[in-house]
Amino acid sequence: MEKNGWKFIVFAIIVLIIIVGGFFLMQKSFPKENTTKVANKTSKKAKDIRIDKNKDYIYFENSETIAHDLDIEYKDVIFNFKNYESIQKQLNDEAKEYKDALVIDEELEEADFDNVVKATYKTYEYYLYDNYISLVVNYYHFDREDLISYLDSDTYVFDKETGNRYTEDELLAKFNLTKEDVINKITNHITDQNLLTDEELDADASIEAIDDYAIFVDRSGRLSISIVVKNDQKDYNEVIILS
């Protein structure tokens with residue numbers, strides 16, 4: 001009996017050691033994983049660069065529609081992250097200048113186009129995809145002889161986590177493209193379009209008209225470019241998918 005008692009005590013001690021040892025091993029293994037998860041959650045929260053967390057990265061205020069059937073609208077753009085007050089001011093000052101130069105004649109016999117005689121204006125397209133924030137600004141001119149004419153496009157692309165603005169070269173590198181690739185894609189696109197229209201599209205003149213590459217990332221994550229297509233009738237805007 002005494003021998004069996006000692007065996008029981010030894011067995012109980014071994015079981016206790018296993019239980020206690022297992023507990024400490026579990027405590028040693030899991031805290032790091034939990035700490036990592038907490039750190040990741042904290043890191044993700046810290047990446048929200050918006051000044052006003054209840055609004056989008058780019059939004060608009062003080063919208064005023066001048067001609068509903070023409071979609072002529074003047075509004076202020078707001079960059080909801082830091083360091084781009086100068087671009088915001090430039091765009092909004094520009095909109096004010098265009099609005100001040102608007103020509104309306106209330107005594108026109110034909111009161112179409114809300115009596116607008118002449119107007120320069122712009123439209124905004126805002127895209128958010130993954131870490132890219134893209135703002136496309138399209139410029140137009142209206143008069144009663146030529147109606148709406150497309151003038152040009154500017155683009156602004158930012159990193160959603162840092163707020164840094166991408167250069168054209170940086171965007172091309174991100175998508176493994178060169179400026180030569182862009183020129184070839186534009187040339188091929190316009191050449192193909194020439195086969196489908198009665199107009200004479202000029203690929204060379206269209207490329208020469210590109211002072212800056214109006215490149216942006218669209219809502220599907222594709223690198224795109226907005227260009228003026230030159231032709232023998234009336235120039236127009238075309239967005240070409242680059243990748």
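This section describes the fold content, nonpolar cores, salt bridges and pockets of a predicted model.

The protein has 243 residues, and 34% of them count as buried. Its secondary structure consists of five helices and ten strands. When contacts between residues at least 6 apart in sequence are taken, 49% of them join residues at least 24 apart.

In soluble globular proteins, nonpolar side chains tend to be buried together. In the present model, the largest nonpolar core contains 29 residues, and the members that touch the most other members are I72, Y74, F79, F81, L91, V116 and L135. Two or more residues of this core come from each of strand 1 (58–67), strand 2 (72–79), helix 2, strand 4 (116–129), strand 5 (132–143) and strand 6. Strand 5 provides the largest share, six residues. The surroundings of F79 can be listed residue by residue. With residues up to four places away in sequence left out, F79 touches Y57, I58, Y84, I87, Q88, L91, L135 and F158. A second core, separate from the one above, has 26 residues, among them F175, I190, A203 and V217.

Strand 4 also holds K118. K118 counts as partly exposed because its relative accessibility is 40%, a value between the limits of 20% and 50%. The C-alpha atoms of K118 and D143 are 4.5 Å apart in space, although the two residues are 25 apart in sequence. D143 is also one of the residues that K118 touches; the others are L102, V103, H141 and F142, with residues up to four places away in sequence not counted.

The count of salt bridges comes to twelve. Three of them are described here. The side chains of D93 and K89 form a salt bridge with an N to O distance of 2.7 Å. Both residues belong to helix 2 (residues 85–100), where they are four residues apart, about one turn of the helix. The two partners fall in separate exposure classes: D93 is partly exposed at a relative accessible area of 39%, whereas K89 is exposed at 51%, the limit for the exposed class being over 50%.

A salt bridge between parts in two helices is formed by the side chains of D169 and K179, at 3.8 Å from N to O. D169 is in helix 3 and K179 is in helix 4 (residues 179–194), so this pair ties together parts that are ten residues apart in sequence. K179 is partly exposed, its relative accessible area being 36%.

The third pair consists of K230 and D235, whose closest N and O atoms are 3.1 Å apart in a salt bridge. Here K230 is partly exposed, with a relative accessible area of 27%, and D235 is likewise partly exposed, with a value of 26%.

Two pockets were examined. The largest pocket holds about 220 Å³ of space. Its lining is made up of 17 residues, and those nearest the centre of the pocket are D152, A209, I210, D211 and D212. Strand 6 (147–159) and strand 9 (223–231) are the elements that give two or more residues to this lining. By class, the lining of the largest pocket comprises nine nonpolar, three polar and five charged residues.

The volume of the second largest pocket is about 190 Å³. This pocket is lined by 14 residues, of which T155, R165, E168, D212 and Y213 are the closest to its centre. At least two residues of the lining come from each of strand 6 and helix 3 (168–174). Strand 6 gives the most, with five residues. The lining of the second largest pocket divides into seven nonpolar, three polar and four charged residues.

Some residues and elements recur across these descriptions. D212 is listed among the residues nearest the centre of the largest pocket and among those closest to the centre of the second largest pocket. Strand 6 gives two or more residues to the largest nonpolar core, two or more to the lining of the largest pocket, and five to the lining of the second largest pocket. Helix 3 contains D169 of the salt bridge with K179 and supplies at least two residues of the lining of the second largest pocket. Helix 2 contains the pair D93 and K89 and also gives two or more residues to the largest nonpolar core.

Key: Residues numbered from 1 in each chain as written. Predicted model: local features only at pLDDT ≥ 70, side-chain atom pairs only at ≥ 80, totals over all residues. Heavy atoms only, no water. 1 Å grid on protein atoms, 1.4 Å probe; cavity = no way out; pocket = protein on both sides within 12 Å on 5 of 7 lines; lining within 4 Å. Points joined across faces, edges and corners; volume = space filled by probe spheres on them. Nonpolar A, V, L, I, M, F, W, Y, C, P; charged D, E, K, R; others polar. Salt bridge = Lys/Arg side-chain N within 4 Å of Asp/Glu carboxyl O. Buried < 20%, exposed > 50% of the residue type's maximum accessible area, 1.4 Å probe, protein only. Core = buried A, V, L, I, M, F, W, Y, C linked by side-chain atoms within 4.5 Å. Contact = heavy atoms within 4.5 Å.
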